[in-house]
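Work through the exercises below with the sequence and the model open side by side. Try each task before reading its solution.

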Amino acid sequence: MEIHSICVCGAGTMGSGIAQTSAQAGFITILYELNPAVLEKARNSIEKTLQQLKDKGKITGEQQQETIRRIRYTDDIRSCQADIFIEAIVEKAAAKAALFNQLAGLNQIDAVFASNTSSLPVTQIAQQVEHPERVIGMHFFNPAPVMKLVEVVNTPFTNARTTALVTELARQLHKVPVSCTDSPGFIVNRVARPYYLEALRLVEEGVTDFVQLDRILEATGFKMGPFKLMDLIGNDINYAVSCSVWEQLNRPERLKPSFIQEEKLRSGRLGKKTGEGFYKYN
Ligand SMILES: NC(=O)c1ccc[n+]([C@@H]2O[C@H](COP(=O)([O-])OP(=O)(O)OC[C@H]3O[C@@H](n4cnc5c(N)ncnc54)[C@H](O)[C@@H]3O)[C@@H](O)[C@H]2O)c1
């Protein structure tokens with residue numbers, strides 16, 4: 001089966017980036033979002049990015065216009081008809097499964113459902129969906145149009161067709177797909193957990209402050225220090241991943257989430273998306 005159309009659900013940080021990536025790669029793309037204000041913000045942000053790419057000579061005016069024409073923005077689920085659905089909605093398994101079931105009722109039996117979840121077991125989502133063999137994880141990284149890696153996360157239910165289709169799609173999106181089995185944090189978020197948590201621990205213990213820590217790690221070759229990276233990801237999302245990995249691995253002390261993350265959530269300082277996290281953004 002060839003993929004012609006992609007429906008991206010959720011137009012927040014990740015969804016808008018995935019939709020842009022899909023349209024730039026030539027796919028008819030539907031961007032579905034419950035909140036019309038978020039949908040409008042996504043349209044503005046995608047069009048602004050495409051304009052910047054054109055101004056820098058990275059795409060032609062024609063490519064810019066074609067990409068814009070390929071994206072349909074909607075808050076009406078009935079217009080979500082596509083070969084594959086990539087969800088980037090709220091990080092709740094029940095919400096993701098409910099969305100997939102709703103979409104399944106509106107689409108062909110062979111439509112594929114991919115979740116961009118960073119922290120939930122994909123198996124838990126699949127179990128709640130009719131025909132779980134067509135549910136898979138397709139984990140993009142932030143910012144989605146730039147980051148090359150996509151983790152293709154297989155559950156015990158996922159069939160070979162779904163894996164092959166999503167792996168090939170990732171390639172057509174000019175990404176590098178890496179296959180893994182469903183497990184806490186998949187590959188990257190598991191490996192990266194100590195990067196954030198040890199940095200938070202050093203600040204909790206008063207050993208150093210977050211600005212200095214970012215500077216040191218950037219000076220040693222990391223592209224972004226842990227605090228800048230947490231602000232980019234979103235402190236809510238990063239905390240959810242920390243909690244999920246910790247719980248799923250039976251609460252090891254070394255991976256215990258930090259109270260600093262909790263405090264960021266309570267105070268609404270979620271990072272770039274709210275204008276303030278560890279740093280301030282205008
Ligand atoms: N932020 C990151 O760096 C990052 C990286 C990789 C994966 N993810 C994952 O991507 C998903 C989205 O994260 P985000 O940071 O883009 O979140 P976000 O809060 O920026 O966006 C989520 C959007 O989904 C919308 N939404 C909620 N329920 C919906 C529904 N039923 N139908 C349609 N739209 C709905 C919300 O209105 C919101 O605009 C999460 O599963 C997260 O774990 C995030």
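Two residues are in contact if their C-beta atoms, placed from the backbone, lie within 7 Å. The model used here is predicted.

**Exercise 1.** List the residues that Ile 84 touches, not counting residues up to four places away in sequence.

Solution. Apply the cut-off to Ile 84 and leave out its sequence neighbours. The contacts that remain are Ile 3, Ile 6, Ala 111, Val 112, Ala 114 and Leu 169. Next, place Ile 84 in its core. The largest nonpolar core has 51 residues, and Ile 84 is among those that touch the most other members, together with Cys 7, Val 8, Phe 85, Ile 86, Ala 114 and Val 166. A separate second core holds 16 residues, including Leu 229 and Phe 278. In soluble globular proteins, nonpolar side chains tend to be buried together.

**Exercise 2.** Find which way the side chains of S4 point.

Solution. Start from the general pattern: in a regular strand, side chains alternate between the two faces of the sheet. In S4, Ile 84 and Ile 86 point one way, while Phe 85 and Glu 87 point the other way. All four residues are buried.

**Exercise 3.** Write down the strand order of the sheet and explain what sets S3 and S8 apart.

Solution. The open sheet has eight strands in the order S3-S2-S1-S4-S5-S6-S7-S8, with mixed pairing. S3 (71–74) and S8 (176–181) are at the edges and have a single partner strand each, so one side of each lacks a neighbour in the sheet. From one strand to the next, the twist averages 25°.

**Exercise 4.** Describe how S4 pairs with S1 and with S5, and trace the chain from S4 to S5.

Solution. First take S1 (residues 5–9) and S4 (residues 84–87): they are parallel and share four bridges. Within this pairing, Phe 85 is the bridge partner of Cys 7. Then take S4 and S5, which also pair in the parallel sense over four bridges. Here Ser 115 in S5 is the bridge partner of Glu 87. Finally, follow the chain: from S4 it passes through helix H4 (residues 93–106) to S5, making a right-handed β-α-β crossover.

How values were computed. Residues are numbered from 1 along each chain as its sequence is written. This is a predicted model: local features need pLDDT of at least 70, side-chain atom pairs count only at pLDDT 80 or more; totals for chains, interfaces and linings use all residues. Two strands pair if DSSP finds at least two bridges between them. Helices (H or I, at least four residues) and strands (E, at least two) are DSSP runs, numbered from the N terminus. Axes are lines fitted to C-alpha atoms, for helices over the stretch in contact, and angles run from 0 to 180 degrees between N-to-C directions. A nonpolar core is a set of buried Ala, Val, Leu, Ile, Met, Phe, Trp, Tyr and Cys residues joined through C-beta atoms within 7 Å. A residue is buried if 20 or more other C-beta atoms lie within 10 Å of its own, exposed if 12 or fewer, and partly exposed in between; C-beta atoms are placed from the backbone. A crossover is right-handed if, with the strands pointing away from the viewer, the path from the first strand over the helix to the second runs clockwise.
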